[in-house]
Amino acid sequence: MRKFRYRLEALMRFQESSLQPLRQALQEAEHRLASDRAAMRAAEFEVSSCERTLPALVGNQALYLSALGFIRELRLRCRQLAHIVEDSEQLREQAMAALLEAQARLRQFEKHENRQRASWMAEVQRGEYREQDDAWLQRRMAGERA
């Protein structure tokens, strides 16, 4: 019996090998997103801690105004970090979409291979049945002649 050979095997292997860099890109995007979110949480915590200490500075107007300016800068930094987090989320979504698309293409190849293999197996089985039928007919014909 001859062996099944999938003609698109090389293309399927290439598709499999393309998954690893996409997984790596997704992992890097998730790491960046986590890092950016942590920076944003830290900045928000710094704003809230400065706001909590603000009432204690009411007696010293110069220090109070300086603290207000600092809090304004911290809030501006939080808005900038929010935009950075949004960008990181978009990058992560793009990386996830690319990985899912590549996985879907690989599944298509696998399904195609399975269909080709099933078709090949059916053809092999039909050939075996044909051989058995021919052998049976030859025995039958030989039995009638004798």
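## Helices and a greasy patch

Helices are runs assigned by DSSP, at least four residues long, and they are numbered from the N terminus. With that in mind, we can place Leu8: this residue sits in the segment before α1. Please remember as you read on that this is a predicted model.

Leu8 joins Leu11 and Phe14 in making a nonpolar patch on the surface, with an area of about 280 Å². How exposed is Leu8? Its relative accessibility is 34%, so Leu8 counts as partly exposed, because that label covers values between 20% and 50%.

## Salt bridges within helix α1

Side chains of opposite charge can pair when their charged atoms come close. In this structure there are 11 salt bridges, and a few of them are worth a visit.

Let's begin with Glu16 and Arg13, which form a salt bridge whose closest N and O atoms are 2.6 Å apart. Both residues belong to helix α1, which covers residues 9-53. They are 3 residues apart, or about one turn of the helix. Glu16 has a relative accessibility of 31% and so is partly exposed; Arg13, at 37%, is also partly exposed.

## Salt bridges between the two helices

Which residue does Glu30 meet in a salt bridge? Its partner is Arg92, with an N to O distance of 3.3 Å. This pair links distant parts of the chain, since Glu30 is in helix α1 and Arg92 is in helix α2, 62 residues apart. Glu30 has a relative accessible area of 35%, which means that it is partly exposed.

Glu51 and Arg75 also meet through their side chains in a salt bridge, here with an N to O distance of 2.0 Å. Glu51 lies in helix α1 and Arg75 in helix α2, so this bridge ties together parts that are 24 residues apart in sequence. Both ends are partly exposed: Glu51 has a relative accessible area of 31%, and Arg75 has a relative accessibility of 40%. Some bridges also share partners, and in this way Glu9, Arg13 and Glu16 are joined into one network.

## A pair of aromatic rings

A pair of aromatic rings is described by the distance of the centres and the angle of the planes. The count here comes to 1 aromatic pair. It is made by Phe4 and Trp120, whose ring centres are 5.6 Å apart. Their planes meet at 55 degrees, so the pair is described as tilted, because that label applies to angles that are neither under 30 degrees nor over 60.

This pair, too, links distant parts of the chain: Phe4 is in the segment before α1 and Trp120 is in helix α2, 116 residues apart. Are these two residues buried or exposed? Phe4 and Trp120 are both buried.

## Along helix α2

Helix α2 covers residues 61-145, and Asp133 lies within it. On the surface, Asp133 gathers with Glu128, Glu131 and Asp134 in a patch of negative charge. The relative accessibility of Asp133 is 49%, so this residue is partly exposed.

Gln61 is also found in helix α2. Its relative accessible area is 58%, so Gln61 counts as exposed, because that label needs a value over 50%. How far apart are Gln61 and Asp36 in space? From C-alpha to C-alpha they are 35 Å apart, while in sequence they are 25 residues apart.

Note on methods. Residues are numbered from 1 along each chain as its sequence is written. This is a predicted model: local features need pLDDT of at least 70, side-chain atom pairs count only at pLDDT 80 or more; totals for chains, interfaces and linings use all residues. Side-chain values use heavy atoms; hydrogens and water are left out. Patches are made of residues with over 30% relative accessible area and no salt bridge: like charges are joined within 9 Å, nonpolar side chains (Val, Leu, Ile, Met, Phe, Trp, Tyr) within 5 Å. Accessible areas come from the Shrake-Rupley method with a 1.4 Å probe; for residues, only the protein chains shown count as cover. A salt bridge is a side-chain nitrogen of Lys or Arg within 4 Å of a carboxyl oxygen of Asp or Glu. Lys and Arg count as positive and Asp and Glu as negative; His and the chain ends are not counted. The place of a charge is taken as NZ of Lys, CZ of Arg, CG of Asp or CD of Glu. Buried means under 20% relative accessible area, exposed over 50%, partly exposed in between (1.4 Å probe, protein chains only). Rings of Phe, Tyr and Trp (its six-membered ring) pair if their centres lie within 6.5 Å; planes under 30 degrees apart count as stacked, over 60 as edge-to-face and the rest as tilted.
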